Amino acid sequence: MKIFTGNQIRELDKYTLEHEPITALNLMERAAKTIVHAIRSEWDNRKQVVVFAGPGNNGGDALAVARLLADEGYSVAVYLFNIHNRLSDECAANRQRIIENKRVKSFTEISVDFDPPVLDENTLVIDGLFGSGLNKPLTGGFASLVKYINQSPATVVSIDIPSGLMTEDNTYNVKANIIKADLTLTLQLKKLSMLFADNQPFIGRLKVLDIRLSEEYVQKTDSQFQLIEENDIRALLKPRSDFAHKGDMGHALIVAGSYGMAGAAVLTTRACLRSGAGKVTVRTPRKHYDIMQTAVPEAILSVDREETYFSEAIDTEDFDALAIGPGLGSHETTSIALISQLRRSSCPAIIDADGLNILGNHRTWMQQLPKGVIMTPHPKELDRLTGNASNGCYEQLSKARELAERINGYIILKGHYSALCIPDGHVFFNSTGNSGMATAGSGDVLTGIICALLARGYQRHEACLIGMYLHGLAGDLAAREVGKESLIASDIIKYLPQAFKRLND
């Protein structure tokens, strides 16, 4: 699913009107019917409905929804804010339809003074003040109205996007002046700001409603942002030959673990093996010999000369992929060994966890990273890599994009919608996963999955996309069985076979 900017969304509307036999007013009516259907599926007509409509097309949608709900037997009070005596054509047309409709309980048009209605627990507020065209924070009376709605016990449904929230960048928005919706009914496509964690308190539950905007425009228009779905991943999967042997499935090298962190090496290795790598060699401190041989007997062990930490790089000529970083610790000798290992790497490499922390402490070393390197930071690790804290999720994503372009590599910014930033500036958001995966070792599992896919011959962007999706899908399958609260990293590995089977069916 492509994620369009606010400007592209307006162009999509325009293109639909120009290439389909439909007027702007009838397209608004089509959208309103879809919105009403979604509302009716949630609340019956015992709810008292209060509609707040702005002067633009979002307000026009709200007025059409108000009329259709009234026709369905809902008690509907409508407030249209026409402060500057300037309505869009479609909003003005729906205003006239509201006036002519005898089923609407009340209609109030506000130009100067506003006496707000009582909003109680039985009130369903329809927020149609401002839509995806908003480009600055709300102020004045509209800001006061938003605060009034947010402080009430009413249930709030926002049309397309909560009023006050901008489509992309809300870094310098005024959070107190944004509607906190219980349900957002967005039209046709998700908006970029809906994928960021810091905007979730405003969006509530999210439903995407298909109002049949031009599929031709969607298909032919490039977007910098895309939400990856199951069919996208199915198309990337390589068939596994019946005559394949372990040499065809790749040889992965994992450099992981330090004293007290053998588990990171175990999890990464198990995930790599479960993701189809033909052979996996683990480079780890000498003290981990018994642990690794017992926990992962399928792995080949390469022990470091040091007892408790990684101290010396090894040749990678015999390997098809390298994963380095999980549980490595921060010993200075380990730091030097890490950059040495990366510099001499002749195969695709992925860096995670302590590997990222080491680079964060030695940022000039990033100039020495191999072309096409993959890094998988969570937000705090990204801050360390870039040198300062970000002011919100949009800024974090911007920094991840800049970093991917600067190092000519691939950055997976981990989160609910993990974002893969590739060197040409495009961003791919993952659609699988759940909050139960916010647990120690989950990132090690992702690293192991991607390393296996690289070893098997997938291109870097393919390995990242498939790896993110599989990781989240296995987590979703695990959560169904054990619940989110009880989910641990080993459960993700346990359900990887089911995730693969689902994608291959």
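Let me begin with a term I will need for residues such as R344: a residue is called buried when its relative accessible area is under 20%, exposed when that area is over 50%, and partly exposed in between. By that rule R344, at 38% relative accessibility, counts as partly exposed. Please keep in mind throughout that what we are looking at is a predicted model.

R344 has a charged partner, and that brings me to the salt bridges. Side chains of opposite charge can pair when their charged atoms come close. In the whole structure, a search finds 17 salt bridges, and I will go through a few of them. R344 pairs with D315, where the closest N and O atoms are 2.4 Å apart. This pair links distant parts of the chain, since D315 sits in the loop between β12 and β13, while R344 sits in the loop between α11 (332-343) and β14 (349-351), 29 residues apart. D315, for its part, is also partly exposed, with a relative accessibility of 48%.

Now compare that with the pair formed by R67 and E29, whose closest N and O atoms are 2.7 Å apart. Because R67 belongs to helix α3 (residues 57-71) and E29 to helix α2 (residues 24-40), this salt bridge ties together parts that are 38 residues apart in sequence. Are these two residues buried or exposed? R67 is buried, with a relative accessible area of 9%, and E29 is buried as well, at 13% relative accessibility. The pair does not stand by itself, for E29, R67 and R97 are linked in a network of salt bridges.

Helix α2 also takes part in another salt bridge, in which the side chains of E72 and R40 meet at 3.5 Å, counted from N to O. Here E72 lies in the loop between α3 and β3 (75-81) and R40 in helix α2, so the pair ties together parts that are 32 residues apart in sequence. E72 is partly exposed at 37%, and R40 is partly exposed at 47%.

Let me turn to the sheet. It is an open sheet of 11 strands, in the order β1-β9-β18-β17-β16-β15-β14-β13-β10-β11-β12, and its pairing is mixed. The strands β1 (2-3) and β12 (300-303) stand at the edges with a single partner strand each, so one side of each is left without a neighbour in the sheet. Further inside the order, β10 (residues 251-255) and β13 (residues 321-324) pair in the parallel sense over four bridges, and V255 stands opposite I324 in β13.

Next, a single residue in a loop: Q188 is found between β7 (183-187) and α6 (200-203). What does its side chain reach? The side chain of Q188 makes a polar contact with the side chain of D210 at 3.1 Å, and the side chain of Q188 also reaches the backbone nitrogen of R212 at 3.1 Å. Q188 is buried, with a relative accessible area of 13%, and among the residues it touches beyond its sequence neighbours are L12, V208 and I211.

Finally, the nonpolar cores. The largest one has 58 residues, of which C272, L420, V445, I450 and L470 touch the most other members, and its largest share, 12 residues, comes from helix α16 (residues 460-482). Leaving aside neighbours within four places in sequence, V445 is in contact with L267, A271, H471, A489, I492 and I493. Apart from this core lies another, of 45 residues, which includes Y15, A64, L87 and L183.

Methods
Residues numbered from 1 in each chain as written. Predicted model: local features only at pLDDT ≥ 70, side-chain atom pairs only at ≥ 80, totals over all residues. Heavy atoms only, no water. Pairing = 2+ DSSP bridges. Helix = DSSP H or I, 4+ residues; strand = E, 2+ residues; numbered from the N terminus. Buried < 20%, exposed > 50% of the residue type's maximum accessible area, 1.4 Å probe, protein only. Polar contact = N/O pair within 3.5 Å; in protein donor to acceptor, adjacent residues only side chain to side chain. Contact = heavy atoms within 4.5 Å. Salt bridge = Lys/Arg side-chain N within 4 Å of Asp/Glu carboxyl O. Core = buried A, V, L, I, M, F, W, Y, C linked by side-chain atoms within 4.5 Å.
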